[in-house]
Amino acid sequence: MADDTSTPAHLSKVLDGLAENPALPAGMVRRLMRYRRGSGHVATRPDLTLDLIEEILASGHHRLLHSLALNPRLPNAVRMRLAAHTDPAVRAALAARARDAPRDLYERLIDDPDTRVREYLAEHDDVPADLLARLADDPDPKVRATLARWWTQAPEAVRRVLLTDPVDEVRAAACSTYYARSPHPAPPPDLVTGLLADPVTRAGAVRHALLTPELAVQLGGDPDYQVRRQLAEHPQLPPPLRDLLTDDPSANVRVGVFSRRDTPEPLRHRIYDDIQQSERPLTDLLDDELDDNALLQQVEDHMAITELRYLRLDWVTTDPLPYLSSPYICFRRSAARSRALPPDAVIRLLNDDDSGVRTTMATHAPHLVDPATAERIDRQFQPDKKTNWRPADEFTFPPQTLRRLATDPDPRMRCLAPRDLDLPVELAERLAADPDSEVRHAIAGHPNLPVHVRRALLTDPNEWVARATATAPTLPLSEIDRLLTLAGV
C-alpha cells in the first residue's frame, strides 16, 4: 500500500486521467490547465466555462491550444477565433474535429494556406456542397485526391473534374476499387471507356463496364492483377474466361473467382486447396530478393489466405441454409450474418468450430444467446486481427456470472467482473491487486474501491492503470488536490 507522500511513477499520465474525470471541479480544472508537461488534454473537456476558455486562449501554450481546437463543443465564436490563429497545427486540429459548424467557419477554412486544413475539410460530409466543390480545383493534388476518396456522392460535375484530373493520384482516387465512405460512386457512362484505357483508373472502372466478349478477353490479359481481380468478380464474366482465371498466377484473382455464385463447386474447391497449400510465412516472403512489384504481388498472395476466411458473400447471406455446413469458413460466416435463420440453424452456428462463425452468429441473433453461450463464445474468441472489441461487449451478464468470473483462472475473463457496479468490495480489492495489468486497468475506475486501494493504483507501474484510476469520478477531492500539488500546480 502506498503512503501519503507517494508520488505516482507516471504522474503526467495520471494528470491526463484527471483531465477526463467528469467530477473535476472548475477550480481544479483551472489548476490543471497550468500544468505544462502533459498533453493539454484538459482543454477537450465538455464542461469548459467561457472564462476557462479565455485563459487557454491567452496562455499561448501549443498543447492546450491544439487540444482546445479538437474540442467539438466549443462556442462558434471561439471556433472563429481559432480559425484565424497563426499556428497552422491549431487550425488543422479545428478542421479535423469541426462538425455541423456554421457556414462562415467553413468559408474561413476552405481557402486556408495550410494543406492539412483543406485535406481535413475534404473528409467532411457536413461542409456545404458548394464549398466542397471548390476543393475539386484545389492547387494541391493531395487535397483533390482526399476529396475524391471521401465525397462519394459528389455532384456529377465534380466527379467529372476529379475523374479527368491531370494528376494520376487524383484520378486513381476518383475511380477506385475502394472508397473511404459508402455508397461507392459510379462514373458517368460516357467516361467509362476512357477510364478503362487509363492504367491508373482501369481497375476501378471494370465493375462499371458493359463487358463485351472482346473487352473481357482484353482485361483478362491485363498485366495488373487488380484489373483481373475486378474482372473475376464482374457479373457478366463469360464462363469460359471465368474458368481460365481459375488458374491465374495471382491468388488474389483466384479469390475473386472463388467468391462468385456461379463458380462450379469443383473449381471453387480446387482454388481453395491451391491457395491453402501455397501458404508461406510472411517473413520468408520478405527475405526473398524481389523487386517492389514482385514483392507486392507475393504479399497480396499471402493475404489471399486470410481473405478466404473473412470474405463477405451477400448471396450466401441472402440464401444461407444451403451453406450451414460449408467447408469454407467465409461461407459459414456469411450465412451467420443472416437475421432470418431459424432457431435450429442459429444454434448450429453458435456451436461452429470457427470462432468467427460463432461470434458473427451471436451478434446477429443476440436474442437467442443465453448467458452461458455468450460466456463460452467470448471465452473462445479468437479475433482475426488485433481489436479491443470482444463478443461480451454485445451482452449483459448477470451479477452472479460476473462475480464468479472475478476469480476465473483466465485474466481476460476476470476483466469482465468490474462490469458489475455492485461488485463486493473484497472482490474489487482482489482484482486491484491482480498480477495482470489488464485486470487492474479494468477495475481501476470501479466505484467500490476503497480510497487506499485507489491510491495504490495511482502509483501502479503500468501507466494506463494509473491513468484509468485518475478518471474515476469517485476519486476523493483530497486525493486530486494531493496530485495537483505534487505536480506543482
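The legends below describe close-up views of a predicted model.

**View 1. Helix H3 and the helices around its buried face.** Helix H3 spans residues 50-59, and its buried residues are Leu52, Ile53, Ile56 and Leu57. Looking down the axis of H3, one finds these buried residues within an arc of 140°, so they line one face of the helix. A general rule helps in reading this view: an α-helix has 3.6 residues a turn, so residues three or four places apart point the same way. The buried residues of H3 pack against helix H2 (26-33), helix H4 (62-69) and helix H5 (76-83). After H3 comes Gly60, which has a positive phi, near 70°.

**View 2. Glu54 of helix H3 and its partner Arg81.** Glu54 lies in helix H3, and with a relative accessible area of 38% this residue is partly exposed; that value falls between the 20% limit for buried and the 50% limit for exposed residues. The side chain of Glu54 makes a polar contact, at 2.7 Å, with the side chain of Arg81. Glu54 and Val78 are 24 residues apart along the chain, yet a distance of 9.0 Å separates their C-alpha atoms.

**View 3. The crossing of helices H1 and H32.** Two packed helices are described by the angle between their axes and the distance between the axes. Here the axes of helix H1 (residues 11-19) and helix H32 (residues 463-470) come within 7 Å and cross at roughly 35°, and the crossing is right-handed. On the side of H1, the contact is made by Lys13, Val14, Asp16, Gly17 and Leu18, while H32 contributes Glu463, Trp464, Ala466, Arg467 and Ala470. Sorted by class, the residues in this contact of H1 with H32 are five nonpolar, one polar and four charged.

**View 4. Helix H26, its start and its covering helices.** Within helix H26 (residues 371-379), the buried residues are Thr373, Ala374, Glu375, Ile377 and Asp378. Among the elements that cover them are helix H24 (343-350), helix H25 (355-364), helix H27 (399-405) and helix H28 (411-414). At the start of H26, a side-chain oxygen of Asp370 comes to within 3.0 Å of the backbone nitrogen of Ala372.

**View 5. Helix H23 and its surroundings.** In helix H23 (residues 329-336), eight of the eight residues are buried, so this helix is largely enclosed by the rest of the structure. Its buried residues are Ile329, Cys330, Phe331, Arg332, Arg333, Ser334, Ala335 and Ala336.

Note on methods
Residues are numbered from 1 along each chain as its sequence is written. This is a predicted model: local features need pLDDT of at least 70, side-chain atom pairs count only at pLDDT 80 or more; totals for chains, interfaces and linings use all residues. Side-chain values use heavy atoms; hydrogens and water are left out. Buried means under 20% relative accessible area, exposed over 50%, partly exposed in between (1.4 Å probe, protein chains only). Helices (H or I, at least four residues) and strands (E, at least two) are DSSP runs, numbered from the N terminus. Contact means heavy atoms within 4.5 Å. A polar contact is a pair of N or O atoms within 3.5 Å; within protein, one must be able to donate a hydrogen and the other to accept it, and residues adjacent in sequence count only if both atoms are side-chain atoms. The arc is that of the directions from the helix axis to the C-beta atoms. Axes are lines fitted to C-alpha atoms, for helices over the stretch in contact, and angles run from 0 to 180 degrees between N-to-C directions. A crossing is left-handed if the near helix is turned anticlockwise from the far one by less than a right angle, and right-handed if clockwise. Ala, Val, Leu, Ile, Met, Phe, Trp, Tyr, Cys and Pro count as nonpolar, Asp, Glu, Lys and Arg as charged, and the others, Gly among them, as polar.
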